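Take a look at the chain below. This report walks through its ligand site, its core and a few residues with notable backbone angles.

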Amino acid sequence: MTETTAPSLPAPLVPGRYRVAMVCLGNICRSPVADVVFSARIADAGLDDVVEVVSAGTADYHLGKPMDPRSAQTLTDAGYAATRHRAQQIQHAWHDEVDLILVMDHSNHADVTAGVERARVRLFRDFDPDFPGEEVPDPYYGGEDGFTEVLQMIERTSARLVTLVAGVVGR
Ligand code: 4NP
């Protein structure tokens, strides 16, 4: 189902600036792809002087590790630079410091919010123009196809998000 109206974003904590955190479970498969792709779109739009993009996992399984080689390969094949990632865990302080925390699935949402109502925590694919409200499925235990599908949903959702972020920073 394609939406006719765009969902709105939380207002910036600091006017004219915006920080976005991409969050999944391990910070090695999905959120690094979202980080790289959305960062590239932000740079293409000339917004990288005012928009900061980070990523993290809810779990500490892979701290300090590069992204999964399948994520890196999928990004490289699509023309993105995928070399600098090191996995980190989300910090509680981000709830006060980050404008928008975009989680990949409902389990991530439950982990990040821990039952507290959080207007700045949203499902990444709430902004998917084609299938709003779906999850970015975890490709970790699946085949290569899963990574290609993840990239496609992240690319179209990132394009939409850039337009919305440009609006909230007044560009
Ligand atoms: P991610 O994928 O949350 O997209 O980074 C996973 C990575 C690692 C594990 C699960 C999912 N794991 O169980 O180690």
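Which residues does Met22 touch, not counting residues up to four places away in sequence? The model is a predicted one. In it, Met22 touches Ser31, Ala34, Asp35, Phe38, Val53, Val54, Ser55, Ala56, Leu102, Met104 and Phe124.

## The nonpolar cores

Met22 belongs to the largest nonpolar core, which has 36 residues. Met22, Phe38, Val51, Leu75 and Phe124 have the most contacts inside this core. Six elements give two or more residues to the core: β1 (18-24), α1 (30-44), β2 (51-57), α2 (69-77), β3 (100-103) and α5 (144-168). Helix α5 gives the most, with nine residues.

A second core is separate from the largest one. This second core has twelve residues, including Val23, Val54, Ala56 and Trp94. In soluble globular proteins, nonpolar side chains tend to be buried together.

## Around the ligand

Which residues are around the ligand? Cys24, Leu25, Gly26, Asn27, Ile28, Cys29 and Arg30 are among them. The others are Tyr61, His62, Asp138, Tyr140 and Tyr141. By class, the shell has seven nonpolar, three polar and two charged residues.

Three side chains place polar atoms by ligand oxygens. For Arg30, an N or O atom of the side chain is 2.7 Å from an oxygen atom of the ligand. For His62, a polar side-chain atom lies 2.8 Å from a ligand oxygen. For Asp138, the distance from a side-chain N or O atom to a ligand oxygen is 3.3 Å. On its own, the ligand has 350 Å² of accessible area, and the protein covers 93% of that.

## The loop between β1 and α1

Gly26 sits in the loop between β1 and α1. Is Gly26 buried or exposed? Gly26 is buried, because its relative accessible area is 14% and the cut-off for buried is under 20%. Leaving aside neighbours within four places in sequence, Gly26 is in contact with Gly57, His62 and Ala87. The C-alpha atoms of Gly26 and Thr58 are 6.7 Å apart, although 32 residues separate the two along the chain.

Asn27 is found in the loop between β1 and α1 as well. Asn27 counts as buried, at 0% relative accessibility. Its phi is near 55 degrees, a positive value in a residue other than glycine. Most residues other than glycine have a negative phi.

## Helix α2

Which residues of α2 are buried? They are Arg70, Ser71, Ala72, Thr74 and Leu75. These buried residues pack against α1 and α5. Take Thr74, which lies in helix α2. Thr74 counts as buried because its relative accessibility is 12%, and the cut-off is under 20%. Beyond its neighbours within four places in sequence, Thr74 is in contact with Phe147, Thr148 and Leu151.

Now look at the two ends. At the start of α2, a side-chain oxygen of Asp68 reaches to within 2.8 Å of the backbone nitrogen of Arg70. Just after α2, Gly79 takes a positive phi of about 95 degrees.

## The loop between α4 and β4

Where does Ala114 lie? Ala114 is in the loop between α4 (106-113) and β4 (121-123). Phi of Ala114 is near 50 degrees, a positive value in a residue other than glycine. Asn27 counts as buried, whereas Ala114 counts as exposed, at 61% relative accessibility.

Key. Residues numbered from 1 in each chain as written. Predicted model: local features only at pLDDT ≥ 70, side-chain atom pairs only at ≥ 80, totals over all residues. Heavy atoms only, no water. Near = heavy atom within 4 Å. Polar contact = N/O pair within 3.5 Å; in protein donor to acceptor, adjacent residues only side chain to side chain. Areas by Shrake-Rupley, 256 points an atom, 1.4 Å probe, with all protein chains shown as cover. Nonpolar A, V, L, I, M, F, W, Y, C, P; charged D, E, K, R; others polar. Core = buried A, V, L, I, M, F, W, Y, C linked by side-chain atoms within 4.5 Å. Buried < 20%, exposed > 50% of the residue type's maximum accessible area, 1.4 Å probe, protein only. Helix = DSSP H or I, 4+ residues; strand = E, 2+ residues; numbered from the N terminus. Contact = heavy atoms within 4.5 Å.
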